[in-house]
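The following report describes one protein chain for a reader who is new to structural analysis. Please keep the sequence and the structure in view while reading.

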Amino acid sequence: MDIRENVPLAPLTTFGIGGVARHFAEARTEADILKALEWARAKGVPAIMLSGGSNVLVPDAGLDALVIHVAEGKSALIDDDLVADAGCDLLSLIRSCAESGVGGWEKLAGIPGSIGGAVRGNAGAFGTEIKDVTIKVRALNGETGEVREFKNAECDFSYRHSFFKDNPEWIITKVTVSLRPTDEAASRHLIDETIAERERRHLQNVRAAGSFFMNPVSPPEVIAMFEKEKGVKSRGGRVPAGWLIEKAGMKGAKVGGAIASLQHPNYIVNTGGATAQDVDELAKRIKEQVLTRFGVELTEEAALL
Ligand SMILES: Cc1cc2nc3c(=O)[nH]c(=O)nc-3n(C[C@H](O)[C@H](O)[C@H](O)COP(=O)(O)OP(=O)(O)OC[C@H]3O[C@@H](n4cnc5c(N)ncnc54)[C@H](O)[C@@H]3O)c2cc1C
């Protein structure tokens, strides 16, 4: 196993922020991940998983750990089921399935990152979540070495949540999704439309980690205010964090090189040279203002490594 030392992590994240990994290994398969974990155990250093890097904030001081970079692996279509290594890029999988005439998950197109990262956070967009197509998740327990297959119902999926988020010792190594036969051209069109719609709503090519906070469950009076102003129904008693941030006067708020995006206030954007400390401080101020104004506590969606 090739273990590198002092590897810069910022270029491996969409934020482009953070220090170096004291130790670093690249893993594509379950066997690679297992070997890397064994190395960490033998050396007595913690292991931290990183895949597409699109939902993480790496500290400025870096990570005194073995960072296991779960990189692009292999995938195979078996009838209408796709079996993919955790590090496979989600958009590439959606596109290649469309070319093979299977789909049903096109609305997830454009969510950056890997299929493993998507399952861990139950990534979703436009009313579709990865849980809707996931039938099986294979995972490895980093503490015991046990390998298990989790059926969908065992993954405890809910809004931006899964069993794996609560139990980080379980590392996702493979995901099986169940798709359906689709017309290739229609599927490709839906993928392109979805990506274009994402661009229309907010810029995608920014140094950020996507939505920094989850949409919180909110008190009835806040929901009523949101529904009256926006003319749309709240989903599951939640109100968009971006709306709360704007109403709390924090849209465009800045700390150092970090800004609460003017286009999508729930995106904290690195305008160039932002540090993790800038992002942390801005996030803290946003949380305070939203709490003061609405009595609602925001929770980070992005993982603070
Ligand atoms: C511009 C932009 C737009 C976005 N839009 C959306 C959106 O519409 N919907 C949405 O849901 N998200 C969105 N996101 C967030 C992000 O793309 C998703 O959360 C994505 O699924 C993260 O996958 P990743 O591979 O990049 O994970 P990473 O960022 O690498 O990791 C995220 C967390 O998962 C852990 N992890 C990574 N791989 C594994 C593994 N194999 N097993 C266990 N744990 C693992 C990491 O340790 C970390 O805690 C957006 C992000 C950006 C930058």
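## Domains of the chain

The chain is divided into domain 1 (4-70), domain 2 (75-200) and domain 3 (203-304), with bounds that come from an automatic or database domain assignment. The structure is a predicted model: local features need pLDDT of at least 70 and side-chain atom pairs count only at pLDDT 80 or more, while totals for chains, interfaces and linings use all residues. Residues are numbered from 1 along each chain as its sequence is written.

Taken over C-alpha atoms, the centres of domain 1 and domain 3 are 28 Å apart. The contact between them takes twelve residues from domain 1 and 14 residues from domain 3; two residues are in contact if their C-beta atoms, placed from the backbone, lie within 7 Å.

## The sheet of five strands

Helices (H or I, at least four residues) and strands (E, at least two) are DSSP runs, numbered from the N terminus. Two strands pair if DSSP finds at least two bridges between them. An open sheet of five strands follows the order 6-7-13-11-12, and its pairing is antiparallel. Strand 6 and strand 12 form the edges; each has a single partner strand, so one side of each is left without a neighbour in the sheet. On average, neighbouring strands of this sheet are turned by 20 degrees against each other, direction ignored.

Strand 11 (residues 134-141) and strand 12 run antiparallel and are joined by five bridges. Ala139 stands opposite Arg148 in strand 12. Helix 1 (residues 30-43) lies across strand 11 and strand 13 (170-178), and runs at about 170 degrees to strand 13. For such angles, axes are lines fitted to C-alpha atoms, for helices over the stretch in contact, and the angles run from 0 to 180 degrees between N-to-C directions.

## Helix 2 and helix 5

Which residues of helix 2 are buried? They are Leu90, Leu93, Ile94, Cys97 and Ala98. They cover an arc of only 135 degrees around the axis, which puts them on the same side of helix 2; the arc is that of the directions from the helix axis to the C-beta atoms. A residue is buried if 20 or more other C-beta atoms lie within 10 Å of its own, exposed if 12 or fewer, and partly exposed in between, with C-beta atoms placed from the backbone. An α-helix has 3.6 residues a turn, so residues three or four places apart point the same way. The buried residues of helix 2 pack against strand 6, strand 7, strand 8, helix 3 (115-120) and helix 5. Just after helix 2, Gly101 has a positive phi of about 80 degrees.

In helix 5, the buried residues are Ser187, Ile191 and Thr194. Their arc around the axis is only 65 degrees, which places them on the same side of helix 5. These buried residues pack against helix 2 (90-99) and strand 8 (102-103). The face turned away from the buried side of helix 5 carries the exposed residues Ala185, Ala186, Ala196, Glu199 and Arg200.

The length of helix 5 can also be checked. At 1.5 Å a residue, its 18 residues (184-201) should span 26 Å, and the end C-alpha atoms are 26 Å apart, which agrees. The expected span is 1.5 Å times one less than the number of residues.

## The sheet of three strands

Another open sheet has three strands in the order 15-16-17, with antiparallel pairing. Strand 15 (254-255) and strand 17 (268-270) are the edge strands, each pairing on one side only. Strand 16 (residues 258-260) and strand 17 are antiparallel and pair over three bridges. Ala260 has Ile268 of strand 17 as its bridge partner. Helix 8 (residues 276-294) packs on this sheet and touches strand 15, strand 16 and strand 17; its direction makes about 30 degrees with that of strand 16.

## Residues in loops

Two loop residues have a positive phi without being glycine, as the table shows.

| Residue | Phi | Loop |
|---|---|---|
| Asp79 | about 55 degrees | between strand 6 (75-78) and strand 7 (81-85) |
| Asp156 | near 55 degrees | between strand 12 (147-151) and helix 4 (163-166) |

Asp79 counts as exposed because 9 C-beta neighbours lie inside 10 Å. Asp156 counts as partly exposed, with 16 C-beta neighbours inside 10 Å.

Glu297 belongs to the loop between helix 8 and strand 18 (303-304). Glu297 is exposed, with 11 other C-beta atoms within 10 Å. Not counting residues up to four places away in sequence, Glu297 touches Pro216 and Leu291. Glu297 and Lys287 are ten residues apart in sequence, and their C-alpha atoms are 6.7 Å apart in space.
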